[in-house]
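The exercises below are meant to be worked through with the sequence and the model side by side. Each one sets a task, and a solution follows step by step.

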Amino acid sequence: MQDPFMQAAIAQARKSLAEGGIPIGSVLVIDGQIVGQGHNQRVQKGSCVLHAEMDCLENAGRLKASDYRKATLYSTLSPCDMCSGTVLLYGIGKVVVGENQTFQGPESYVQSRGVQLEVLQDPECVQLMQDFIQQQPELWNEDIGE
């Protein structure tokens, strides 16, 4: 059975791709409800920080610390240092990653700080990134700071 929250994150990734951006999507879930969703918009908005997770959290708006602690952040790709730092800053308790084969952020560090991490290795997430990296390697390398 497919996870409906990861499917929502994948829909966000596809939205980014359709807009000419990098196909990474994210949703924030609290008490079984999506409270924020977003997608990588570095290309679309000429932003240096709008990774999918950052866009998702921005769209969720201001939340209480207690809300973040019971939240789960879904991301189609393993969060980078910046996005992982934001997870730690706000005390988000769980991160569900679509895949970490094409890119792996500081997962061990995040786990060492008490965040529960689940990696799905979702074939659709893997394929989206593999296709994008093959078609646009320069843009991908820019996104990950290489």
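**Exercise 1: A residue near the end of the chain**

At 25% relative accessibility, I144 counts as partly exposed, where buried means under 20% relative accessible area, exposed means over 50%, and partly exposed lies in between, with a 1.4 Å probe and protein chains only. The model is predicted, so local features need pLDDT of at least 70 and side-chain atom pairs count only at pLDDT 80 or more, while totals for chains, interfaces and linings use all residues. Residues are numbered from 1 along each chain as its sequence is written, and side-chain values use heavy atoms, with hydrogens and water left out.

Task: Say where I144 lies, and how its C-alpha atom is placed relative to that of G105.

Solution. Begin with the segment after α8 (137-143), which is where I144 is found; helices (H or I, at least four residues) and strands (E, at least two) are DSSP runs, numbered from the N terminus. Then go to G105, which is 39 residues away from I144 along the chain, and find that the two C-alpha atoms are separated by 9.9 Å.

**Exercise 2: The chain as a whole**

Task: Work out the order of the elements in the chain, and explain why the chain can be called as compact as a globular protein of its length.

Solution. Count the elements to begin with: the chain has 8 helices and 5 strands. Reading from the N terminus, they run α-β-β-α-α-α-β-α-β-α-β-α-α. The radius of gyration of the chain is 14 Å, close to the 15 Å that the globule rule gives for 146 residues, so the chain is as compact as a globular protein of that length; the radius is taken over C-alpha atoms, and the rule is 2.2 Å times the number of residues to the power 0.38. Along its principal axes, the C-alpha trace spans about 40 × 30 × 30 Å. Of the 146 residues, 49% count as buried. Finally, consider contacts (heavy atoms within 4.5 Å): among those with a separation of 6 or more, 54% join residues 24 or more positions apart.

**Exercise 3: The nonpolar cores**

Task: Find which elements each supply at least two residues to the largest nonpolar core, and list what V95 touches.

Solution. A nonpolar core is a set of buried Ala, Val, Leu, Ile, Met, Phe, Trp, Tyr and Cys residues joined through side-chain atoms within 4.5 Å. The largest one has 16 residues, and those with the most contacts inside it are L28, L73, V87, I92, V95 and V115. At least two residues of this core come from each of β1 (25-30), α3 (52-60), α5 (81-90) and β4 (94-97), and α3 gives the most, with 3 residues. Once neighbours within four places in sequence are left aside, V95 is in contact with L73, P79, V87, V115, Q116, L117 and E118. Apart from this core lies another, of 12 residues, including F5, A13, Y74 and L128.

**Exercise 4: The helix α5**

Task: Decide which residues of α5 are buried and what covers them.

Solution. The buried residues in α5 are C83, S84, T86, V87 and L88. Their cover includes α3, β3 (72-75), β4 and α6 (107-112). Just after the helix, G91 takes a positive phi of about 70 degrees.

**Exercise 5: Three loop residues**

Task: Place P23, D31 and Q121 in their loops, and decide whether each is buried, partly exposed or exposed.

Solution. Start with P23, in the loop between α1 (4-18) and β1, where a relative accessibility of 1% makes P23 buried. Setting aside neighbours within four places in sequence, P23 is in contact with A13, S16, L17, T76, L128, M129 and F132. The C-alpha atoms of P23 and C125 are separated by 8.9 Å, although the two residues are 102 residues apart along the chain.

Next comes D31, in the loop between β1 and β2 (33-39), which counts as exposed at 57% relative accessibility. Its phi is near 50 degrees, a positive value in a residue other than glycine.

Last is Q121, found in the loop between β5 (116-119) and α7 (123-135) and partly exposed at 31% relative accessibility. Phi of Q121, which is likewise not a glycine, is positive and near 50 degrees.
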